[in-house]
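Biologist: Please take a close look at a single residue in this structure. Kindly explain where it lies and what surrounds it.

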Amino acid sequence: MPELPDVTLYIEAIAARVVGQPLRKIRLASPFVLRTVVPAPARFEGHPVTDVRRVGKRIVLGLRDGDTRLFAVIHLMIAGRFRFLPPAAKIPGKVGLAAFDFPNGTLVLTEVSKKKRASIHLVEGEAALRALDPGGLEVLTADLAAFRQALTRENHTLKRSLTDPHLFSGIGNAYSDEILHRAGLSPVRLTAHLTDEEIARLFEATTATLVDWTNRLRDEAAGKFPEKVTAFRPEMAVHGRYGQPCPVCGGRVQRIVYAENETNYCPRCQTGGKLLMDRSLSRLLKDDWPKTIDELEQRRADASASGSRSVAAASSAPDAKPKRRASPRRP
């Protein structure tokens with residue numbers, strides 16, 4: 001899912017092309033992408049775009065109809081992406097969801113996924129727009145005190161807290177992994193157990209990670225419309241790099257898999273060498289589950305030396321992923 005750095009890049013690219021331009025038409029290739037019925041898409045036609053902003057992970061096109069503000073709110077979810085094509089361009093088949101036509105080009109919303117989760121809300125007035133805001137803290141404009149208050153409002157794991165849109169705005173699975181690695185903190189550490197020094201370190205890591213990646217993506221786009229928006233980048237320290245070496249200590253990056261999500265972390269940098277328990281594998285292996293990264297590496301070495309492949313060694317290989325077990329039916 002595009003997060004704050006990626007969404008910021010989209011906002012800057014879209015604003016540079018459509019602010020001041022009248023929206024000629026909204027075309028819907030899939031009626032299901034539109035989640036509201038009032039105001040109708042035709043209400044937006046002919047009115048100029050005054051601003052493009054971010055609300056959480058949503059991208060908002062603001063228009064003005066006299067004294068009335070109109071907003072097109074787009075949530076890309078996991079696989080939603082934008083393209084900026086020539087005027088009146090055809091919406092791509094299969095992946096195309098909608099198009100916003102302007103005199104100088106067409107902003108096309110696509111989604112490369114069987115599960116169509118991306119959405120458009122058309123709303124009138126600032127109050128209606130605020131109703132779509134989860135209310136998470138904007139870390140880049142907050143101070144340490146506000147960050148501490150949001151972080152410790154509820155007692156959850158750091159991974160869950162950072163990715164909760166009601167606590168923090170714009171942070172998701174990818175950048176939370178990078179933030180926690182930079183801070184040297186375990187993703188399963190409970191927020192209530194953090195020291196003041198650890199909270200300060202996490203705050204610094206959060207702001208630095210988001211700013212660094214936003215600048216990196218700007219440099220990569222070089223003024224062009226962003227075409228390679230992805231949560232998996234080879235320059236990342238741990239996210240999406242399971243089994244690969246940590247750029248700080250050289251140890252293998254590990255992961256916790258749950259449903260459709262996974263958390264990537266470095267045991268030596270973040271957990272004092274301890275391997276975090278993956279629900280599926282740890283239940284399967286029980287006492288055979290290695291407790292530390294050193295134990296895991298020793299098992300790999302022993303398996304390699306003997307030419308055998310133990311269950312534990314197989315389970316920790318980079319290409320292994322636990323199968324999701326079906327939940328028992330309720331009577």
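Modeller: The following account begins with one residue and then turns to its sheet.

This is a predicted model, in which local features need pLDDT of at least 70 and side-chain atom pairs count only at pLDDT 80 or more, while totals for chains, interfaces and linings use all residues. Residues are numbered from 1 along each chain as its sequence is written, and side-chain values use heavy atoms, leaving out hydrogens and water.

Thr106 belongs to strand S7, residues 105-111 (strands are DSSP runs of E, at least two residues, numbered from the N terminus). Thr106 counts as buried because its relative accessibility is 0% (buried means under 20% relative accessible area, with a 1.4 Å probe and protein chains only).

The side chain of Thr106 makes a polar contact with the side chain of Asp101, at 3.0 Å (a pair of N or O atoms within 3.5 Å, where one must be able to donate a hydrogen and the other to accept it; residues adjacent in sequence count only if both atoms are side-chain atoms). A polar atom of the Thr106 side chain also lies 3.1 Å from the backbone oxygen of Pro86. Beyond neighbours within four places in sequence, the contacts of Thr106 include Arg27, Phe84 and Ala99 (contact means heavy atoms within 4.5 Å).

Strand S7 sits in an open sheet of four strands, ordered S1-S6-S7-S5 with antiparallel pairing (two strands pair if DSSP finds at least two bridges between them). The edge strands, S1 (25-28) and S5 (80-85), each pair on one side only. Six bridges join S5 to S7, and Phe84 has Leu107 as its bridge partner in S7.

Conventions
Buried < 20%, exposed > 50% of the residue type's maximum accessible area, 1.4 Å probe, protein only.
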